[in-house]
Amino acid sequence: MFPFFWKRQKPDLRQLRVDIHSHLLPQLDDGVKSMSEALEILRNFEHLGFEKVITTPHIMGNYYANTPEIIERKLNDLKTEVSKSGLSIEIEAAAEYYMDDQFISMLDNKDQLLTFGDNYLLVETSYMNEPMFLNEVLFKIKSLGFKPVIAHPERYLYLQEKPEKILELVDRGALMQLNVNSIIGFYSIPTKKLARWMVDHETIHFLGSDCHNLKHFNIYQKTLGQRYFKKALSLSPLNTSL
Ligand SMILES: [Fe+2]
């Protein structure tokens, strides 16, 4: 149950409707540990007014060696549990691809990639260093007909040190996905600072929870009452188009 004050502060989430970044398929990555945890989080999303959750397991070298088949199978298991539980929230799956040599090979080989909506491809990078050939990889993604969405740019040190680089990436056709919890400094103070810079500079195309567990979700729902979240929502993120 949500506390009493929450009911008074609950924002109008019709301007969001869909969450596009989470880790709710158990045991595929560092996300939820069990089906019951996934179900509880989905129940909470539904209570908040969300109509759909697009969950995005990591695909990262041998560390998270997920394939479309593995993800599809686990998604079907979760869908079965969701319908048994009487929830009406819709669940889809894509993936969060780590930009490394393996990912570049997948692009070169024209492997099947998991996208969401209008061919959006969620990609994360190293937290520390700008990937070599970042511009070339973005070009390659676009030339294959995908729309690159950079996951949580506000968390990357190389962008915290040079926020203007975000504007350059947007000019090159990259879309930016902000983690809602970044707004309140859940990850770090520099992350919060860049998150708010992105809101102020209107360089946000998608909002995501990046929910890995119930603790994340509890912080997420508190962040929804924050002024900067409402300001981010007023930028009309593309979530509603999905
Ligand atoms: Fe993630």
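What follows is a walk through the fold of this protein, from its overall dimensions down to a few individual residues. The structure is a predicted model, so local features were taken where pLDDT is at least 70 and side-chain atom pairs where pLDDT is 80 or more, while totals for chains, interfaces and linings use all residues. Numbering runs from 1 along each chain as its sequence is written.

Overall, the protein contains 10 helices and nine strands; these are DSSP runs numbered from the N terminus, with helices being H or I over at least four residues and strands E over at least two. The C-alpha trace spans about 50 × 40 × 30 Å along its principal axes. Its radius of gyration is 17 Å, which agrees with the value near 18 Å for a compact globule of 242 residues (taken over C-alpha atoms, the rule being 2.2 Å times the number of residues to the power 0.38). Of the 242 residues, 38% count as buried, meaning that 20 or more other C-beta atoms lie within 10 Å of a residue's own; 12 or fewer makes it exposed, anything in between partly exposed, and the C-beta atoms are placed from the backbone. Of the contacts with a separation of 6 or more, 79% link residues 24 or more positions apart, a contact being two C-beta atoms, placed from the backbone, within 7 Å.

One open sheet is built from three strands in the order β1-β2-β4, with parallel pairing; two strands pair if DSSP finds at least two bridges between them. Strands β1 (18–19) and β4 (90–93) sit at the edges with a single partner each, so one side of each has no neighbour in the sheet. Two bridges hold β1 to β2 (residues 52–55), and D19 has V53 as its bridge partner in β2.

Strand β6 (120–124) is a different story: five of its five residues are buried, so the rest of the structure largely encloses it. Y120, L122 and E124 are buried on one side, L121 and V123 on the other. It pairs in parallel with β5 (residues 96–98) over three bridges, where E96 stands opposite L122. The chain gets from β5 to β6 through helix α4 (residues 101–108) in a right-handed crossover (clockwise from the first strand over the helix to the second, with the strands pointing away from the viewer). Four parallel bridges link β6 to β7 (residues 147–151), with Y120 facing K147, and β6, α5 and β7 form a right-handed β-α-β unit.

In the loop between β6 and α5 (134–143) sits F133, a non-glycine residue with a positive phi of about 60°. F133 counts as exposed, with 12 C-beta neighbours inside 10 Å.

Helix α8 (residues 189–200) has 12 residues and should span 16 Å; its end C-alpha atoms are 17 Å apart, which agrees (the expectation is 1.5 Å times one less than the number of residues). Its buried residues are T191, L194, A195, M198 and V199. They fall within an arc of 145° seen down the axis, so they line one face of the helix; the arc is that of the directions from the axis to the C-beta atoms. On the other side, I189 and D200 are exposed. The cover over the buried residues includes α6 (157–160), α7 (164–171), β8 (175–179) and α10 (227–233). In the loop between α8 and β9 (206–208) comes E202, another non-glycine residue with positive phi, near 50°. E202 is partly exposed, with 13 C-beta neighbours inside 10 Å.
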